[in-house]
Amino acid sequence: MSDTAYESTRDRVEHYFDRTATAAWERLTSDAPVSRIRATVRAGRDRMRATMLSRLPRDLSGARVLDAGCGTGQMTAALAERGAEVVAVDISPSIVALAERRLPPACRNRVRFVAGDMLDDGHGRFDHVMAMDSLIYYGERDVAAALARLAPRVGGRIVFTVAPRTPLLMAMWSAGRLFPRGDRSPTMVPHAPTALSRAADRAGVPGRLSEVTRVSSGFYISSCLELAP
């Protein structure tokens, strides 16, 4: 991993979520009415979250799970409701505060929220890691290096998403149509699963990296990948 490249991208992501688009993401991840474009993103994210959760046991009692890039906390709540002890980390303090406010009271004793770097070794060891749309802004080497850093501390699965390299996504991305200009996200980096798998091998990542499925919902297109022992 290039620390300079990784940290530069991480800082742009923090600026976007913490200072530019917190209100937009608060609305997108709620039940509030949104535009037709954003409705497709909301539906796609809901499908992807369900897909990722389907990769873990239904009963997570006693399991320690990292929600890496927890966002507004929807994945965090779902994991805690299954009985997991969740460490929910996001680079944006504003987003973390929102996630904490939204967490159902019944789950609060099973979740620890942290504003910081999702890769920090200080978070400890985990049974599983979920990283929904939190690696989509990073290049191939940085994604592989992130997996290499996480994998030695994970006993089970690392389930994460990347932006797939498809003509449709690239056309929308190039046109800047995913969000209005005022709160457009940092640039996503598209990936092919086979290339990521080779990069992971070069980085010494243990386990098998494979694509689970791809979710396409209007303006939301994302691939779910899994690193399994």
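## Exercises on a predicted model

Ile 37 is a residue of helix H3, which spans residues 36-53. Helices (H or I, at least four residues) and strands (E, at least two) are DSSP runs, numbered from the N terminus. The model is predicted, with local features needing pLDDT of at least 70 and side-chain atom pairs counted only at pLDDT 80 or more, while totals for chains, interfaces and linings use all residues. Residues are numbered from 1 along each chain as its sequence is written, and side-chain values use heavy atoms, with hydrogens and water left out.

**Exercise 1.** Classify Ile 37 by accessibility and find a residue far away in sequence that lies 7.4 Å from Ile 37, C-alpha to C-alpha.

Step 1. Take the classes: buried is under 20% relative accessible area, exposed is over 50%, and partly exposed is in between (1.4 Å probe, protein chains only).
Step 2. Ile 37 has 34% relative accessibility, so Ile 37 counts as partly exposed.
Step 3. The residue sought is Gly 218, 181 residues apart from Ile 37 in sequence.

**Exercise 2.** Check the overall dimensions of the protein against the globule rule.

Step 1. The rule is 2.2 Å times the number of residues to the power 0.38, and the radius of gyration is taken over C-alpha atoms.
Step 2. For 229 residues, a compact globule would have a radius near 17 Å; the protein has 16 Å, which agrees.
Step 3. Along the principal axes, the C-alpha atoms fill a box of roughly 45 × 40 × 30 Å.
Step 4. The secondary structure in this box consists of 8 helices and 8 strands.

**Exercise 3.** Describe burial, contacts and charge for the whole chain.

Step 1. Of the 229 residues, 56% count as buried.
Step 2. Contact means heavy atoms within 4.5 Å. Among contacts with a separation of 6 or more, 71% join residues 24 or more positions apart.
Step 3. The protein exposes about 10300 Å², of which carbon and sulfur atoms supply 50%; the areas come from the Shrake-Rupley method with a 1.4 Å probe, and for residues only the protein chains shown count as cover.
Step 4. There are 32 positive and 25 negative side chains, and the centres of the two sets lie 6 Å apart. Lys and Arg count as positive and Asp and Glu as negative, without His and the chain ends; the charge is placed at NZ of Lys, CZ of Arg, CG of Asp or CD of Glu.

**Exercise 4.** Which residues touch the most other members of the largest nonpolar core?

Step 1. A nonpolar core is a set of buried Ala, Val, Leu, Ile, Met, Phe, Trp, Tyr and Cys residues joined through side-chain atoms within 4.5 Å.
Step 2. The largest such core holds 71 residues, and Leu 79, Met 130, Ile 158 and Phe 160 touch the most other members.
Step 3. Take Ile 158 and leave aside its neighbours within four places in sequence: its contacts are Val 129, Leu 147, Leu 150, Ala 151, Leu 225, Glu 226 and Leu 227.

**Exercise 5.** Find what covers the buried residues of helix H8, and follow one of the covering helices.

Step 1. In H8 (residues 193-202), the buried residues are Ala 195, Leu 196, Ser 197, Ala 199 and Ala 200.
Step 2. Their cover includes helix H6 (140-150) and the strands S5 (158-164), S6 (190-191), S7 (208-217) and S8 (220-228).
Step 3. Ala 144 belongs to H6 and is buried, at 3% relative accessibility.
Step 4. Beyond four places in sequence, Ala 144 touches Ala 199, Ala 200, Ala 203 and Val 205. Between the C-alpha atoms of Ala 144 and Ala 199 the distance is 5.9 Å, across 55 residues of sequence.
Step 5. After H8 comes Gly 204, with a positive phi near 75°.

**Exercise 6.** Is Asp 133 buried or exposed, and what is the sign of its phi?

Step 1. Asp 133 sits in the loop between strand S4 (128-131) and H6.
Step 2. Its relative accessibility is 12%, so Asp 133 counts as buried.
Step 3. Its phi is positive, near 60°, in a residue other than glycine.
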